[in-house]
Structure formats: structure tokens, C-alpha cells
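This report covers domains, one helix and aromatic contacts. The chain is shown first.

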Amino acid sequence: MRTATYFFIFLNLSLALFEEPAVYPLPFLATSVLEVLCLLVFLGRLTHFAQVTLHNMFWKDTKNICIMVAILLSLTDLAIYGVLRLYDVRSIRWSRIVRPIFLINFSESRQIRRAFRSIRNTLPEITYVFLLFMFSLLMFSLMALKLFGERNLQTAEGLPYFRNYLEIVFDLYVLVTTANSPDVMMPAFDFSSWYALFFIAFVIINTYIFMSLFLAVVYNNYKKHLKVIPGGACD
């Protein structure tokens, strides 16, 4: 039963690869039949669990409620999407976001729920570090706007360079990962090599200091909550 449950959960999650917009597109009838099959298996698994559980305990368990709501939402969305396709009306499958609920809330997924709850309990404690990082990013973006925005610089593609604040925030956010380094600094470096100091300071503070601090806080708090939460508390 556990192996079958995990198989159909995996199949249900994998349907995202074959539904529009798809990596490997399959006909709508094929994906819809597979999804209905998965939902019927989940419903049968839930019905079986209800038969061997006290009535009051079954309805007090939020995991069972979540699974039933997810099944209902998935079937409703599938029906609406199918009707709209008949009338050639373009729509999206919004119920895809509820599919991980099946992975988390079945009774066999105790360890997954334990890890999920540890992540959830860790989030409030890493908010302060994240806000400090965002403040640093926004301040450096403002400095970049003042330094480069009025010099009419252009990128290699001939586009305006660092003249829009939101675009600067995004470019510097990507620079934290060094994915656009050193391309993002070349227009400023070509204008004056001293401007490289700005990007060096940004990388040192945000990539090497804040990212290391952020990772340390996440790891320590996650490990702490993983030890505090007993195995039975996840049921």
C-alpha cells in the first residue's frame, strides 16, 4: 500500500511535465485520465483509512481534510478546464499547486511532514537576516542609480545601463549569484576602472558575507527544530 501510494503521488506530480505548457506534451485526454486515476486512488486510500479509524478522530485530523479538499479542487479544476477546451477558451490549470499536498499529508509521509514543519518553524527566525540582505541590496541599487544613471551609459546591446531602479535591483540580485559577473559591470568599468570597486564591495558584502550568514542561520535553526519536534508530533 505504501509503495502504491508513493507511485501514484509521483505519477500525479509528474503530470506537470506533460500538461500544457509541457516539456513533453501529451494529449489532454491522456493526462486527464491519468490524473483522475490518481485522484481515485487517493480517494480510495482515504476511504480505507476512514474505515479503520474512529469517526471522530478521522474528521479531527487536518491531514484528511486537506487531502479531501485537494481532491475536490483538482476534480473541479479538471472539469472546468475540459469544458473551456471544448469551447476553445484558453485557460490554465491552477490546481497544480495543490498536488504537493498529497505528498505531505498521507500518513506514510511522516518524515516529509517533519522536515516540512521544521522548515516552516525556521522561516520566522531567518526573516531578520533576509530583511538585512534586502536592505543592503536596495541600498546598493540606489547607490548604483546615483553613480551610473546620469552618465548615459549603454550595455553591449545598446540598451540603457542602470537607469531604472527596479531593473538595477534585479541585476544586482543576479550578481549575488555571480551569474552575470563580470558582464553587469563592464559598461561602468569601460567608463572608469575605479567603478569596479563598487561591484567588488557589493560581492564581498552580499555574496560572501550575507549569503554565508544566511546559510548558517538557516542550517542552525533547521537543525534545532528538527531535534525539538518529536516523531509522533507529526502525526
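A charge counts as sitting over a ring if NZ of Lys or CZ of Arg is within 6 Å of the ring centre and within 35 degrees of the ring normal. In this predicted model, Arg93 meets that rule: Arg93 lies over the face of Tyr81, at 5.8 Å from the ring centre.

Tyr81 also takes part in ring pairing. The model holds 19 aromatic pairs. In one of them, the ring centres of Phe28 and Tyr81 are 5.4 Å apart, with the planes at 50°. Planes under 30 degrees apart would be stacked and over 60 edge-to-face, so this pair is tilted. Phe28 sits in helix α2 and Tyr81 in helix α4, so the pair ties together parts 53 residues apart in sequence.

The two partners compare as follows.

| Residue | Helix | Relative accessible area | Class |
|---|---|---|---|
| Phe28 | α2 (residues 28–51) | 24% | partly exposed |
| Tyr81 | α4 (residues 62–86) | 8% | buried |

Ring pairs also build a cluster. Its members include Phe140, Phe148, Tyr161, Phe162 and Phe202.

Phe140 and Phe148 are buried residues of α6. Other buried positions in α6 include Arg113, Ile126, Val129 and Phe133. Helix α6 covers residues 110–148, 39 in number. At 1.5 Å a residue it should span 57 Å, and its end C-alpha atoms are 53 Å apart, so the two values agree. Where does α6 bend? The bend is at Ile126, by about 45°.

Finally, the domains. Domain 1 takes 1–108 and domain 2 takes 118–228 in the domain assignment. Their centres, taken over C-alpha atoms, are 39 Å apart.

How values were computed:
Residues numbered from 1 in each chain as written. Predicted model: local features only at pLDDT ≥ 70, side-chain atom pairs only at ≥ 80, totals over all residues. Heavy atoms only, no water. Domains from an automatic or database assignment. Helix = DSSP H or I, 4+ residues; strand = E, 2+ residues; numbered from the N terminus. Expected span 1.5 Å × (residues − 1). Bend = angle between axes of the 7 residues up to and from the residue. Buried < 20%, exposed > 50% of the residue type's maximum accessible area, 1.4 Å probe, protein only. Phe/Tyr/Trp six-rings, centres within 6.5 Å; stacked < 30°, edge-to-face > 60°.
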